[in-house]
Each structure stands twice: as structure tokens, then as C-alpha cells.
Amino acid sequence: MQVTATMVKPFEAAQRSTRFVDINIALLTACAVVTAICVSRLSGRRPWDAALFALAPGLVLGGFINWDLPAAALLALGMLAWARKHPVWAGIALGLGGATKLYPLVLLSPLALLCLRAGKWRPLALTL
């Protein structure tokens, strides 16, 4: 919100609130697109999973009234990085997502269980 507020300072006072909403909608839409792309790349043989996200009524109705989409995009980027065996990038994305909202950090528990089951602690340590 602070970045968007800084971006609208050059506008006249009467236009700032409208421009603030416009810029936020553009940024949140970009986050939704990033999330859909990540879901499509993670879905393997189920490409319709990304379509289910992109066409969800909740995305259209609630996507622009809260700040969940940036966290969802960072969570999706973290999952994609983890799936492609880039644990450091997964940790960066999940950490940034956790700074936005806390729910991306909940994903660390299932990742720890996967590492425990496979006996591979190094990827988890790099992610953390």
C-alpha cells in the first residue's frame, strides 16, 4: 500500500484516490496472473487446475478488496521453485509471502514432513 501511495503523490489531490485504486487493481491483477501461471506449471497433466483458479468467482468478487493475492502469488512462486528443486528461491518467495501474510509460512510444515519422509534435510535447511 505504501508503494502505491508513493506512486500517486504526483497526481492532483482530487485524483489520488482514483489513481490509488487503479494502480492497486493493476498490481493485484498481475499477482493473479502470476498465480495462475504458477498453478498451470505445477499442475502437470491437469491444466484445468489453473483455469479453476482463474475463473473462480471468489477471485473476481474478492480479489480486489483485500491483500491476499500478493501472498498467494509469492506462495505459488515458492511452490514452483520448490518443485523445480530451487530451495533457496523457494525460501525467498515464501519468506516474502510470509512478510505479506502469514499463511505462506504454514507451507513449511508439509515441506518439513516431506523432507523427513525422504530423509533429505539439506533442501529444507536451504529453504529455511
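**Exercise 1. The charged end of R19 sits over the ring of which residue, and how far from its centre?**

Solution. Please keep in mind that you are working with a predicted model. Start at the charged end of R19 and look for the ring beneath: the ring belongs to F11, and the distance to its centre is 5.5 Å. To count as sitting over a ring, CZ of Arg has to be within 6 Å of the ring centre, and 5.5 Å is the value for R19 and F11. Next, try a search for aromatic pairs: the structure holds zero of them.

**Exercise 2. Describe the overall architecture of the protein.**

Solution. Begin with the secondary structure: there are eight helices and zero strands. Reading along the sequence then gives α-α-α-α-α-α-α-α. For the dimensions, take the principal axes; the C-alpha atoms fill a box of roughly 60 × 30 × 20 Å. Now turn to burial: 30% of the 128 residues count as buried. Finish with the contacts that have a separation of 6 or more, of which 54% join residues 24 or more positions apart.

**Exercise 3. Characterise the largest pocket by volume, lining and residue class.**

Solution. First, the volume comes to about 260 Å³. Second, list the lining: W82, A83, K85, P87, L114, C115, A118, K120 and P123. Third, map these residues onto the helices: helix 5 (68-83) and helix 7 (108-118) are the elements that give two or more residues. Helix 7 supplies the largest share, three residues. Fourth, sort by class, and you should find seven nonpolar, no polar and two charged residues.

**Exercise 4. Is K85 buried or exposed?**

Solution. Locate K85 in the loop between helix 5 and helix 6 (87-100). Its relative accessibility is 71%, so K85 counts as exposed; the cut-off for that class is over 50%. While you are there, check the backbone: K85 has a positive phi of about 60°, although it is not a glycine. K85 is also one of the residues lining the largest pocket.

**Exercise 5. Why does L124 count as buried, and which residues does L124 touch?**

Solution. Place L124 in helix 8 (residues 122-127). Because its relative accessibility is 7%, L124 counts as buried, the limit being under 20%. Then leave out residues up to four places away in sequence and gather the remaining partners of L124: W82, L111, A112 and C115. Among them, W82 and C115 also appear in the lining of the largest pocket. As a last step, compare sequence with space for L124 and V88: they are 36 residues apart along the chain, with a C-alpha to C-alpha distance of 9.2 Å.

Notes. Residues are numbered from 1 along each chain as its sequence is written. This is a predicted model: local features need pLDDT of at least 70, side-chain atom pairs count only at pLDDT 80 or more; totals for chains, interfaces and linings use all residues. Side-chain values use heavy atoms; hydrogens and water are left out. On a 1 Å grid over the protein atoms alone, a cavity is a set of points where a 1.4 Å probe fits but cannot get out, and a pocket is an open set with protein on both sides within 12 Å along at least five of seven lines; lining residues have an atom within 4 Å of a point. Grid points are joined across faces, edges and corners, and a volume is the space filled by probe spheres set on the points. Helices (H or I, at least four residues) and strands (E, at least two) are DSSP runs, numbered from the N terminus. Ala, Val, Leu, Ile, Met, Phe, Trp, Tyr, Cys and Pro count as nonpolar, Asp, Glu, Lys and Arg as charged, and the others, Gly among them, as polar. Rings of Phe, Tyr and Trp (its six-membered ring) pair if their centres lie within 6.5 Å; planes under 30 degrees apart count as stacked, over 60 as edge-to-face and the rest as tilted. A charge sits over a ring if NZ of Lys or CZ of Arg is within 6 Å of the ring centre and within 35 degrees of the ring normal. Buried means under 20% relative accessible area, exposed over 50%, partly exposed in between (1.4 Å probe, protein chains only). Contact means heavy atoms within 4.5 Å.
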